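Visitor: Could you take me closely through the salt bridges here, and say how well covered the residues that form them are?

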Amino acid sequence: PQANVAEKAVWALRKIAGDGVYCDLIIGNNIIPPLQALLTPDISPLLRRNITGIFLNICINMPPPFDDIMMVLPSLAELINDNDQEVVRDSLCTISCLTEGSNRECQEVVNVGILPRLCELLKWREVSILLPALSAVGNIICLDDEHAETVINVGALQTLLRHPDNSIVEEACSVIFNTAGTPTQIQALIDDGLVGHVIDVLRKDD
């Protein structure tokens with residue numbers, strides 16, 4: 001019975017967050033910590049999906065001050081490893097939103113250790129996973145050479161430039177262009193052969 005009540009309450013909160021108008025009340029009433037406490041290994045798939053959906057709706061519909069929402073980062077770092085593709089997708093979309101702020105905010109996201117997993121997800125084929133993963137990675141690599149090198153060394157960008165979905169190819173090109181910010185980064189792209197792959201893409205577009 002308690003689990004059933006929790007599922008209904010979380011479902012209602014997801015609907016409220018989806019409207020956007022009352023997202024600040026969810027934050028202001030300190031509802032996020034109880035939601036995180038529900039994210040146990042034996043939680044039902046539906047409940048996990050709805051909690052992840054609440055995090056996403058808050059960030060998309062009425063982005064709160066970063067310091068008010070950063071408490072969800074440890075949960076997101078776990079959720080992107082979930083077996084449920086919907087949970088992974090919504091977690092990635094939330095992470096992508098959170099990396100769009102200042103360098104400090106983006107670094108806070110990196111500090112929870114998500115970059116290796118984001119790089120792994122670049123090897124997936126599903127567009128719904130790849131787009132938010134690429135978006136988040138594209139924001140993170142702007143921080144410094146080390147993060148850019150980590151992404152380049154994964155070797156996934158070459159494959160994504162040959163992806164059948166044009167939106168993935170465009171996003172991969174955007175990530176590569178963002179990476180080419182310093183002489184060191186540009187040389188890394190050349191050494192990895194990515195410049196040649198981008199030229200091939202441009203020729204095909206012609």
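Guide: A residue is called buried under 20% relative accessible area, exposed over 50%, and partly exposed in between, with a 1.4 Å probe and protein chains only. The model is predicted, and local features need pLDDT of at least 70, side-chain atom pairs count only at pLDDT 80 or more, while totals for chains, interfaces and linings use all residues. Residues are numbered from 1 along each chain as its sequence is written, and side-chain values use heavy atoms, with hydrogens and water left out.

As a setting for the pairs, the chain has 15 helices and 0 strands (DSSP runs numbered from the N terminus, helices being H or I of at least four residues and strands E of at least two). Its C-alpha trace spans about 60 × 30 × 30 Å along the principal axes, and 44% of the 206 residues are buried.

With a salt bridge taken as a side-chain nitrogen of Lys or Arg within 4 Å of a carboxyl oxygen of Asp or Glu, the count comes to 7. One of these joins glutamate 86 to arginine 49, whose closest N and O atoms are 3.6 Å apart. Glutamate 86 belongs to helix H7 (residues 85–98) and arginine 49 to helix H4 (residues 45–61), so this pair ties together parts that lie 37 residues apart in sequence. Both partners are partly exposed, glutamate 86 with a relative accessible area of 25% and arginine 49 with 32%.

Aspartate 84 brings a further link to this corner, from its place in the loop between helix H6 (73–79) and H7. At 15% relative accessibility, aspartate 84 counts as buried, and a polar atom of its side chain lies 2.9 Å from the backbone nitrogen of glutamate 86. If residues up to four places away in sequence are set aside, aspartate 84 touches Pro45 and Arg49 (contact meaning heavy atoms within 4.5 Å). Aspartate 84 therefore has a link to each partner of the bridge, through the backbone nitrogen of glutamate 86 and through contact with Arg49, while being buried itself at 15%.

Another salt bridge forms where the side chains of aspartate 67 and arginine 104 meet, at 3.2 Å from N to O. This pair, too, links distant parts of the chain, with aspartate 67 in helix H5 (residues 66–69) and arginine 104 in helix H8 (residues 103–111), 37 residues apart. Aspartate 67 is partly exposed at a relative accessible area of 48%, and arginine 104 is likewise partly exposed, at 44%.

A more local case is the salt bridge between glutamate 120 and arginine 117, in which the closest N and O atoms are 3.0 Å apart. These residues are separated by about one helical turn, because they stand 3 residues apart in helix H9 (residues 115–121). Their cover differs in class: glutamate 120 is partly exposed, with a relative accessible area of 46%, whereas arginine 117 is buried, with 14%.

Salt bridges can also join into a group, as with Arg14, Arg89 and Asp90, which are linked in a network. In general, side chains of opposite charge can pair when their charged atoms come close.

How values were computed: Polar contact = N/O pair within 3.5 Å; in protein donor to acceptor, adjacent residues only side chain to side chain.
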